[in-house]
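Trainee: I should like to work through a structure with you. May we take it topic by topic?
Mentor: Certainly; please begin with whatever catches your attention.

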Amino acid sequence: MSVHDLEKVFQEKIDSETKIEPLDWMPEAYRKTNIRQISQHAHSEIVGMLPEGNWISRAPSLKRKAILLAKVQDEAGHGLYLYSACETLGISREETINDLHSGRAKYSSIFNYPTLTWADIGAVGWLVDGAAIMNQVMLTRTSYGPYARAMVRICKEESFHQRQGFESLLVLSKGSPEQQAMCQDAINRWWWPALMMFGPRDSESTNSDQSMKWKIKRKTNDELRQQFVDMCVEQVKLLGMTLPDPNLKWNAERNHYDFGEIDWNEFWQVVKGNGPCNKERLQARKQAWEEGAWVREAAAAHAAKKQKRTAAHAA
Amino acid sequence: MNTSIRRFFYGDIPGQESGGTPAPEGPKNDWPLWEVFIRSKQGLDHKHVGSLHATDAQMAIENARDVYTRRQEGVSIWVVKSQDIHASRPEEAGELYDPAADKIYRHPTFYDLPDAISHM
């Protein structure tokens, strides 16, 4: 079959909702797009452990500490599900990690913001995980089989992340005036960065078309962002808090909430590496990798020795 | 506004110079890759759940416990080196499964029996 015919068969499979599996023929651009998207999604999970890890040793109670530990461990697990899916496309783990460390591969910009107070941990769970869930629920139906299956697994676990965050804020919202102020302050700082997680406006994002045609993505950035705003406006009422946007208003004609303009200048600054924590995050990842080198070497040496002993015993 | 970054893959992650291209050839230091299969409860088959890297089978099983059974998803784990999995080729699926395609008499519905018959 010619490449043209293969592409036609491939698109027909996509159109008829047949999943693409690792050994199936796929256009090189489809493979590359998936490698990039899945690996960057994986990096986001891994880097995403850093802002929260910041509070593990300072959680206000043993219960909150245990919850936070479990959540951060989940993020590591999510990164591993995704790296595993990515490797089915023919790229090695080492290559993907190198891409992150060299700065060639990016991760979600949201993790370049600092977690300044304990309330930030609640706000991250509610808003950041909440926004991620919007994207991830869509991705459970993505066209590449291993990616879709990893997403199903992740979404099942992500619900705990969002709920624990909201519950944590709920406790603060019923606390002392200081705790209430801390809760509102965290919401104020995380709201806009959370909206930026959906990416540029549809009119600015040109690769969406191809990704939609291949059903890698199934909803546009703006659709997902609107869905998120509509959801949060209702949820914030239960906290007795407010969202920091004077332009939030129900629009009966659209059946959606209107909301204010994102500071796109800030968005591009963080994307380009000038956010509050870009350098710190990457540095922490590289340091962890370098300082873990001796562990990797020792484990490999131990395995080799054990194998030799077993072989000698068998002989 | 910067308009040079225009491709976005996962939400706010820009796509330009963003990985996915093979790194320069060097020694591959990855530990071997293992495929993981989990039996979710007694009485069910082991099912493929994903893969992970480990130096040996024991480490693979311990890592699989941490990665794939944090919420009691399994009662038994199998791991097998990915390189030891042999797969049929999708492009040969036609010939491979062809012998079964025209043997509809293997299905119980092929047989037209009177409605009066019961327990069959």
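Trainee: Is B:Gln72 buried or exposed?
Mentor: Please keep in mind that this is a predicted model. B:Gln72 has a relative accessibility of 76%, and because the cut-off for exposed is over 50%, B:Gln72 counts as exposed.

Trainee: Where in chain B is B:Gln72 found?
Mentor: B:Gln72 sits in the loop that runs between helix H1 (57–68) and strand S3 (76–81) of chain B.

Trainee: And what is the phi of B:Gln72?
Mentor: The phi of B:Gln72 is positive, about 55°, although the residue is not a glycine. Most residues other than glycine have a negative phi.

Trainee: Which other residue, not a glycine, has a positive phi near 55°?
Mentor: B:His119 has one. B:His119 belongs to the segment that follows helix H2 (93–101) of chain B, and its relative accessible area of 84% makes B:His119 exposed.

Trainee: Let us turn to the strands. How many bridges join S1(B) to S2(B)?
Mentor: Seven bridges join S1(B) to S2(B), and the two strands run antiparallel. Within this pairing, B:Val36 is opposite B:Gly50 of S2(B).

Trainee: What do S1(B) and S2(B) form?
Mentor: They form a hairpin, with six residues between the two strands. In the turn, B:Gly43 has a positive phi of about 100°.

Trainee: What about S1(B) and S3(B): how many bridges there?
Mentor: Six bridges join S1(B) to S3(B), again in an antiparallel arrangement. There, B:Trp34 stands opposite B:Lys81 of S3(B).

Trainee: Why is S1(B) described as largely enclosed?
Mentor: Five of the seven residues of S1(B) are buried, so the rest of the structure largely encloses the strand.

Trainee: Now the pockets. What volume does the largest pocket have?
Mentor: The volume of the largest pocket is about 1,200 Å³. It is lined by 38 residues, and those closest to its centre are A:Arg149, B:Glu35, B:His48, B:Val49 and B:Gly50.

Trainee: Which elements supply at least two residues each to that lining?
Mentor: From chain A, helix H4 (62–87) and helix H7 (145–173) do so; from chain B, strand S1 (33–39), strand S2 (46–53) and H2 do so. The largest share, seven residues, comes from H7(A).

Trainee: How does the lining of the largest pocket divide by class?
Mentor: There are 18 nonpolar, eight polar and 12 charged residues in the lining of the largest pocket.

Trainee: How much space lies in the second largest pocket?
Mentor: The second largest pocket holds about 1,000 Å³ of space. Its lining has 27 residues, of which A:Arg93, A:Trp289, A:Arg296, B:Trp31 and B:His53 are the closest to the centre.

Trainee: Which element gives the most to that lining?
Mentor: H13(A) gives the most to the lining of the second largest pocket, with five residues. By class, this lining contains 16 nonpolar, four polar and seven charged residues.

Trainee: Changing topic, how many cavities of 30 Å³ or more are there?
Mentor: The search of the whole structure finds five. The largest cavity contains about 170 Å³ of space. Of its 17 lining residues, A:Glu45, A:Glu75, A:Phe111, A:Asp129 and A:Ala132 are closest to the centre.

Trainee: Which element gives the most to the lining of the largest cavity?
Mentor: H6(A) gives the most, with five residues. The whole lining of the largest cavity comprises six nonpolar, five polar and six charged residues.

Trainee: How many residues does helix H6 of chain A have, and how far does it reach?
Mentor: Helix H6 (residues 118–139) of chain A has 22 residues and reaches 31 Å from its first C-alpha to its last. That is close to the 32 Å expected at 1.5 Å a residue.

Trainee: Where does H6(A) bend?
Mentor: H6(A) bends at A:Val124, by about 35°. As for its surroundings, 21 of the 22 residues of H6(A) are buried, so the helix is largely enclosed by the rest of the structure.

Trainee: Finally, is A:Val72 buried or exposed?
Mentor: A:Val72 counts as buried, at 10% relative accessibility. A:Val72 is part of helix H4 of chain A. Its C-alpha atom is separated by 9.0 Å from that of A:Ile56, and the two residues are 16 residues apart along the chain.

Key: Residues are numbered from 1 along each chain as its sequence is written. Chains are lettered from A and ligands numbered from 1 in the order in which they are written. This is a predicted model: local features need pLDDT of at least 70, side-chain atom pairs count only at pLDDT 80 or more; totals for chains, interfaces and linings use all residues. Side-chain values use heavy atoms; hydrogens and water are left out. Helices (H or I, at least four residues) and strands (E, at least two) are DSSP runs, numbered from the N terminus. Buried means under 20% relative accessible area, exposed over 50%, partly exposed in between (1.4 Å probe, protein chains only). On a 1 Å grid over the protein atoms alone, a cavity is a set of points where a 1.4 Å probe fits but cannot get out, and a pocket is an open set with protein on both sides within 12 Å along at least five of seven lines; lining residues have an atom within 4 Å of a point. Grid points are joined across faces, edges and corners, and a volume is the space filled by probe spheres set on the points. Ala, Val, Leu, Ile, Met, Phe, Trp, Tyr, Cys and Pro count as nonpolar, Asp, Glu, Lys and Arg as charged, and the others, Gly among them, as polar. Two strands pair if DSSP finds at least two bridges between them. The expected span of a helix is 1.5 Å times one less than its number of residues. The bend at a residue is the angle between axes fitted to the seven residues ending there and the seven starting there.
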